[in-house]
Amino acid sequence: MASELEPEVQATERTLLECSAEETAAKWLQATDLTKEVYQHLAHYVPKIYCRGPNPFPQKEDMLAQHVLLGPMEWYLCGEDPALGFPKLEQANKPSHLCGRVFKVGEPTYSCRDCAVDPTCVLCMECFLGSIHKDHRYRMTTSGGGGFCDCGDTEAWKEGPFCQKHELNSAGMEVEEDPLVHLSEDVIARAYNIFAIIFQYAVEILTWEKESELPADLEMIEKSDTYYCMLFNDEVHTYEQVIYTLQKAVNCTQKEAIGFATTVDRDVSNFILIVILGDCQERKRNTSRQTKPLKVQVMHSSIVAHQNFGLKLLSWLGSIIGYSDGLRRILCQVGLQEGPDGENSSLVDRLMRTDSKLWKGARSVYHQLFMSSLLMDLKYKKLFAVRFAKNYQQLQRDFMEDDHERAVSVTALSVQFFTAPTLARMLITEENLMTTIIKTFMDHLKQRDAQGRFQFERYTALQAFKFRRVQSLILDLKYVLISKPTEWSDELRQKFLEGFDAFLELLKCMQGMDPITRQVGQHIEMEPEWEAAFTLQMKLTHVISMMQDWCALDEKVLIEAYKKCLAVLTQCHGGFTDGEQPVTLSICGHSVETIRYCVSQEKVSIHLPISRLLAGLHVLLSKSEVAYKFPELLPLSELSPPMLIEHPLRCLVLCAQVHAGMWRRNGFSLVNQIYYYHNVKCRREMFDKDIVMLQTGVSMMDPNHFLMIMLSRFELYQIFSSPDYGKRLSAEITHKDVVQQNNTLIEEMLYLIIMLVGERYSPGVGQVSAMDEIKREIIHQLSIKPMAHSELVKSLPEDENKETGMESVIEAVAHFRKPGLTGRGMYELKPECAKEFNLYFYHFSRAEQSKAEEAQRKLKRQHREDSALPPPVLPPFCPLFASLVNILQSDVMLYIMGTILRWAVERHGYAWSESMLQRVLHLIGMALQEEKQHLENAVEEHVLTFTFTQKISKPGDAPNNSPSILAMLETLQNAPSLEVHKDMIRWILKTFNTIKKLRESSSTSPVVETEGTIMEESTRDKDKAERKRKAEIARLRREKIMAQMSEMQRHFIDENRELFQQTLELDASASAVLDSSPMVSDTALTALGPAQTQVPEQRQFVTCILCQEEQEVTEESRAMVLAAFIQRSTVLSKNRTKFIQDPEKYDPLFMHPDLSCGTHTGSCGHVMHAHCWQRYFDSVQAKEQRRQQRLRFHTSYDVESGEFLCPLCECLSNTVIPLLLPPRSIFNRRLIFSDQPSLAQWIRTISQQIKALLVLRKEENAATSKNSENRNELELPEGFKPNFHPKNPYSDSIKEMLTTFGTATYKVGLKVHPNEEDPRVPIMCWGSCAYTIQSIGKRIFGSRPCDDCLRSLTRFAAAHWTVASLPVVQGHFCKLFAALVPNDSYEDLPCILDIDMFHLLVGLVLALPALQCQDFSGISLSTGDLHIFHLVTMAHIVQILFTSRPEENGMDQGNPTSEEESAVLSLYRMLQQYTGSPCFAHRFWHQVAFLQCTFVYISLFYTLLFSSPFAVPGTSHFEHLCNYLSLPTNLFGLFQENREIMNSLIESWCHDSEVKRYLRGERDAISYPRGANKLIDLPEDYSSLINQASNFSCPKSGGDKSRAPTLCLVCGSLLCSQSYCCQTELEGEDVGACTAHTYSCGSGAGIFLRVRECQVLFLAGKTKGCFYSPPYLDDYGETDQGLRRGNPLHLCRERFKKIQKLWQQHSVTEEIGHAQEANQTLVGIDWQHL
Ligand SMILES: [Zn+2]
Ligand SMILES: [Zn+2]
Ligand SMILES: [Zn+2]
Ligand SMILES: [Zn+2]
Ligand SMILES: [Zn+2]
Ligand SMILES: [Zn+2]
Ligand SMILES: [Zn+2]
């Protein structure tokens, strides 16, 4: 390219190169004003090097910059030749114990789940592999770029902070020593000087804002007038938009625009075009029409040049400080030194503060420099952190306006300081960081409503974008809190509480936000905004939890926080303002005063973070026992329970009412809110805490009061306070809806009570550990169904470290079931855990609850237990909550239970429901369990206050005189309609009795036995009998149904007889052949030669799948065809670099032994009439045309290239194969072998015939006039009649199909336009037959479809010559024959090393009839077949001997007469030596595919099947196989028998010039056995693939990282997929790297692994593709497509084998077809761009 440079430029280049770095440095060393000197140097040279026109030559620039600009600096710094100086510095350096490797995009990073302090602590691959963590539970991710390895950071790891490598460096690091001691004074002084100047220069020029003038000290005297139009990339505009804009703006082609766009994106500096200023201004207007324009700037070329060099300098600094920690420290010092302008004037400050104005490339360069300097030096990291914190607010403000992602913003560095515990703590205490972050956050959410709460606008895309940025502040807050303090100083307490205050301020703005009012009458018109509020809540969830964790660590902090939180809550409520005047409620002689408030009529909000935070803190008081230790310090007396419960209760009532359908008119936004309220992502700090708050309230107040308030809030007070509600309603049927609503509300209320009493698994509420809590969650999830690991993880809440805590307990509660070849590994609940199942578990959704109920009942029935699901035994409450259980035995509760039971007993129409009853029964059960527990754990002489059993035995008071609850239960037990609840009632009664017995044994006062027991006992017996009888009835019924079913099945078969028959027939057609020779065992079978076993002709009947008509296969009948799919294939290829260059000129007659491109034919084996198929295909075509007009999407098949789906099995097909009879039975009626010629005679005869034919052909070509003369000279061999043309035995229909299939093979195989006249058509047919047989390889022969297809293919290929031109086929035969038996007429024949012998054999056998049909001398075709086989076999043996032992081909040392003579000699010696032993023959059979293929081929050809061809490799079996093919077991015998002819043949083969070249070692040849091709070996550990891919850079864009590195599983190439940079043109279309690769590597089909996604990709042609499950599984037997979970992945060999098999069997295209039929969205993907 250099030559293209203008001479002028070349001249400057020369002068530049004359400049000496050493001299310049020397001048600088003498200078008094070094700054001025250096600036002058730069001002002079920088524009010369970097202003070189529109097409920069980066390498040249780099070279010149190094020579002219950087060189002097290095000399100056070292004071000597830097080639000597730097190594010295490096040697003197004590390397850091920090790794600090900065991650590239896509590089794998590892985090230890056991030891990392937080998930942001990561290791690079090298460190990870050398660390103790590789044997721990770890998580693997791919880096998004930025960030560095934390190896060596003792604060980042609980254990093992060093890998082996960095461990060494850490020795003696206890004393933090100044790294400067390793440097000499001189170096320090010089480094200081030069760093100060150039760092200053770089910062100045990068932050320079003027467009056309330089800083004064850099201005040049002569200034050119070139300007650059700079286009700045951002995240708002898509690639396509940029490309389009560019095209418009600078009038370039799309190609150029794409080129520029990729540059802009990678972006070091954004050259576009040089244009003169005026013009560019014009264009600038052009591009800015969009709402937010792409940033375009016109700049003077010299500014651009200096900016480029500024960046270069920063990277240079980064690499220089790598030599020495001392230099690094000097640079840090320079960077953080305060400048002349005071505060914020250090270079680092200046860069940070202009961050949002810099372009992407500049930012990443200086960020990297910061990472390798400031962050690697512990002393300066601290100072830098302080600078960062001081600038925090400003930086965040800039970031909000920035048009780049956070990853390229300086704000992203926060993770580096905030997650380091000591730094974070220092920033909190010294810089008040918590408060700063929260305040900054509040500053960005300005919009408030009248009450000062947040108010969000419509959640548009722009809103979402801005909002996302604000959320990064929450992330920072999370980082700060993530590592908890181990000890508290007073300052820390003070600053934390200050931060807590700010946080409460924030939550206060959320308390009650987005209030809603029930819509009555009309449906709401516009869904209100709700997403923003929930997003905020969701993002804050972890922060809220962490705040509580912090509080829990220090008693003083906890008490203070509790007080603060309570104060804010009281402030929020400001008394009860919602209700007007108080009302008094009373039931059962209890009364309470409360406010008037109806959820269904007034405003209500789901957002109550303050209440919930208080609930959390309250639990902590209990858990940490602060509540008991320092009750005097707590404002417990100030707590007003009614106030605490009010808002959470409203929220829960809202949910109940929504569920009851009362809020239908409020639309989906409400439904969504309720969903998230309970969702695993939010519930921990929403729903769960509301329950806790109610529990807190109940434990502090009279339960009767609580229940009445609850009734009132549920708007059910009226119902329960008027005793005849049930009766009244049964009379008024009109209010059915209202009744229904009330029923649901009652159910919901009972459910809530169950939860309040039963949910005691949070540590602090109940006496449990965190383990118990997670265990219970898992038990309930697995009660629904067995689950995969990832499913389970998704259903459990994650903490801030993304841990669920599941691994520690899962073993205790579940069994793991391994996955099979498909599917995933599953966890199953251990049976013994089922007893802990609680039907009313509070995290079940309705659907989950009913599924779990069903599953658990089913399980119980399977174990022949009764199906009751009684409440489980619960752990005791903590003392602070202990009084809560009294709610169960409170008067109002008993009253509610009694009322509902009475309704059930009295069966008042609608007024009760079964679920109501079920809940009441559950509550009674809970009360009984509770009492039992109390009794069992009772301490002597302790008064038991829980006396539920006594209370329910007592009948109701006057005036109702209602029966006791117990009595009602006994009544209900016999109610016939309550069958399902009987087990539960019985369980209650039984437990009741147990408790009574317990009481009796413990208490002195005996309780009189009630009649209940007796009744219960008797009913139980009765029930048992009843049950038995029912089971019997059920069994009989089942049997009857089974009988009916099988009857129906028979009918079905009768009705669909054809279908069944057709399958049976197909089986029969093949098995008939097998059965035909039962008396002839394998031992005696002979297929070739004189002793050929005679098999009676089989008649073959088949049924058309389309018209169901049956037909016999004969030569005269209408054609029957098989759906078939032809494809080009490279599966067997031994040379993937070879492909057909020019298909029009390609001669496929001889297949090269590398099998580089073959044609494969496959079929599903379904038979149709040719005419039926034709009709079907026409209709498919017509339908497709109609469809294409209407809808513009593709199908999974391409009709235009003849593709269709098999009408029966939907297998992809593109042609049909005709079904034919065995070919030789038609043409070879003469089977008498009495007088047949030997091989030598036969060869002679054939040679004569060929000679005659060639002469005739020549005459015909020469001229028609002179023919008479020559004719006389020609002596025709005996019985040879070249004028005879045999009659074609096939029907027209069959002939047509022969042509159709032949042409299709030709068209697909060569990728040319169909031409049935082309002489290559028959060759392609034979080739496809040979290739397909070869491709089945060693696979056990006999699977049905393959079998059918191969047989048809073989017969077709044998019959094809009848529709081809006779002279053409004869010509092919002659040429093929000449390859083995030399003939002067042919020249350019391949030598025997370059011929695939099986292809040759097939070709010769199939072409032979064309010659034989004119021979009337009495030689049978079978004789020809046998001789051809023997001849080719011997040639192949010679071929093998030539190629397999080249070292022993060393000629006789004694008399090297001539090369070829000695070759023949040694060959003979070898022939004798090897082929004489049976071992060779055996190896020949079993390792060299040739005989196996021949065996398959011959057996199909003659329809003479072996029952188990490759069953046992025993000798006798082997002898049978030899016998079958008329081969001697001693192969040398073959040569000896035909010594006379073979001698001369072998000699002629050896004399071939190519063979000689080979023998001289001048060329290569394929050796045998060739071995089956396999997919590449994949590594065991997936991360090594990721690592490999991260080192891979796009081959086209100069060392840039590829976005979608994709591995070809066939050849192992890595490709840069799905990217504009690597698109190429293929057949006039732009295609991605993968598609392009399939054309060279897989002739159109390909198997890839997308490394970043961990996904297998199948591609076929340009339009077809699908994704396939990858062969990598995690320890839980799951794949991780998209690498989202990050569990370590390991190769699953079975799954990989399955993929390999798909490939070897040519089923990739078919697999894609099936996948696309199953999933239509796959069809729409632009596969060609991958
Ligand atoms: Zn590392
Ligand atoms: Zn390391
Ligand atoms: Zn570890
Ligand atoms: Zn048909
Ligand atoms: Zn089919
Ligand atoms: Zn490949
Ligand atoms: Zn690329």
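Mentor: Before we start, one term: two residues are in contact when heavy atoms lie within 4.5 Å. Also keep in mind that this is a predicted model.

Trainee: Thanks! Leaving aside its neighbours within four places in sequence, which residues is M968 in contact with?

Mentor: Let's first find M968, which sits in helix 41, residues 965-973. Setting aside the neighbours within four places in sequence, we look for residues that meet the contact rule. Those partners of M968 are G898, L901, R902, V905 and P963.

Trainee: Is M968 buried or exposed?

Mentor: A residue counts as buried when its relative accessible area is under 20%. For M968 the relative accessible area is 4%, so M968 is buried.

Trainee: How far apart in space are M968 and P955, C-alpha to C-alpha?

Mentor: Along the sequence, M968 and P955 are 13 residues apart. In space we go from one C-alpha to the other, and for M968 and P955 that gives 9.9 Å.

Trainee: Let's move to S96. Where is its place in the chain?

Mentor: Look at the elements on either side of S96: helix 5 covers 82-92 and strand 1 covers 105-112. S96 falls between them, in the loop.

Trainee: Why does S96 count as buried?

Mentor: The cut-off for buried is under 20% relative accessible area. S96 meets that cut-off because its relative accessibility is 17%.

Trainee: What separation do the C-alpha atoms of S96 and M376 have?

Mentor: Along the chain, S96 and M376 are 280 residues apart. In space, though, the separation of their C-alpha atoms is 8.4 Å.

Trainee: Now some helix pairs. How does helix 8 lie relative to helix 13: parallel, perpendicular or oblique?

Mentor: Helix 8 (residues 185-206) and helix 13 (residues 325-336) pack with their axes 9 Å apart, at an angle of about 45 degrees. Angles under 35 degrees count as roughly parallel and 65 to 115 as roughly perpendicular. The angle of this pair therefore makes helix 8 oblique to helix 13.

Trainee: How many residues in the contact of helix 8 with helix 13 are charged?

Mentor: From helix 8 come I188, A191, Y192, F195, A196 and F199, and from helix 13 come L327, I330, L331, Q333, V334 and G335. Sorted by class, that contact has 10 nonpolar and two polar residues, and the number of charged ones is no more than this: no charged.

Trainee: What is the handedness of the crossing where helix 16 passes helix 19?

Mentor: Helix 16 (residues 378-390) packs with helix 19 (residues 421-431) at about 50 degrees, their axes 11 Å apart. That angle makes helix 16 oblique to helix 19. The crossing is right-handed.

Trainee: And how many charged residues does the contact of helix 16 with helix 19 have?

Mentor: Helix 16 brings K381, K382, A385, V386, A389 and K390, while helix 19 brings L423, M426, L427 and E431. Six of these residues are nonpolar and none is polar, leaving the charged count at four.

Trainee: Which residues of helix 25 meet helix 22?

Mentor: The axes of helix 22 (residues 490-510) and helix 25 (residues 609-623) come within 8 Å and cross at roughly 135 degrees. The two are therefore oblique to each other. On the helix 22 side we find F500, L504, L507, K508 and M510, and on the helix 25 side P609, I610, L613 and L617.

Trainee: Finally, what percentage of the residues in the protein chain is buried?

Mentor: The protein chain has 65 helices and 24 strands. Of its 1730 residues, the buried ones make up 56%.

Note on methods. Residues are numbered from 1 along each chain as its sequence is written. Chains are lettered from A and ligands numbered from 1 in the order in which they are written. This is a predicted model: local features need pLDDT of at least 70, side-chain atom pairs count only at pLDDT 80 or more; totals for chains, interfaces and linings use all residues. Side-chain values use heavy atoms; hydrogens and water are left out. Axes are lines fitted to C-alpha atoms, for helices over the stretch in contact, and angles run from 0 to 180 degrees between N-to-C directions. Helices (H or I, at least four residues) and strands (E, at least two) are DSSP runs, numbered from the N terminus. Angles under 35 degrees count as roughly parallel, over 145 as roughly antiparallel, 65 to 115 as roughly perpendicular and the rest as oblique. Ala, Val, Leu, Ile, Met, Phe, Trp, Tyr, Cys and Pro count as nonpolar, Asp, Glu, Lys and Arg as charged, and the others, Gly among them, as polar. Buried means under 20% relative accessible area, exposed over 50%, partly exposed in between (1.4 Å probe, protein chains only). A crossing is left-handed if the near helix is turned anticlockwise from the far one by less than a right angle, and right-handed if clockwise.
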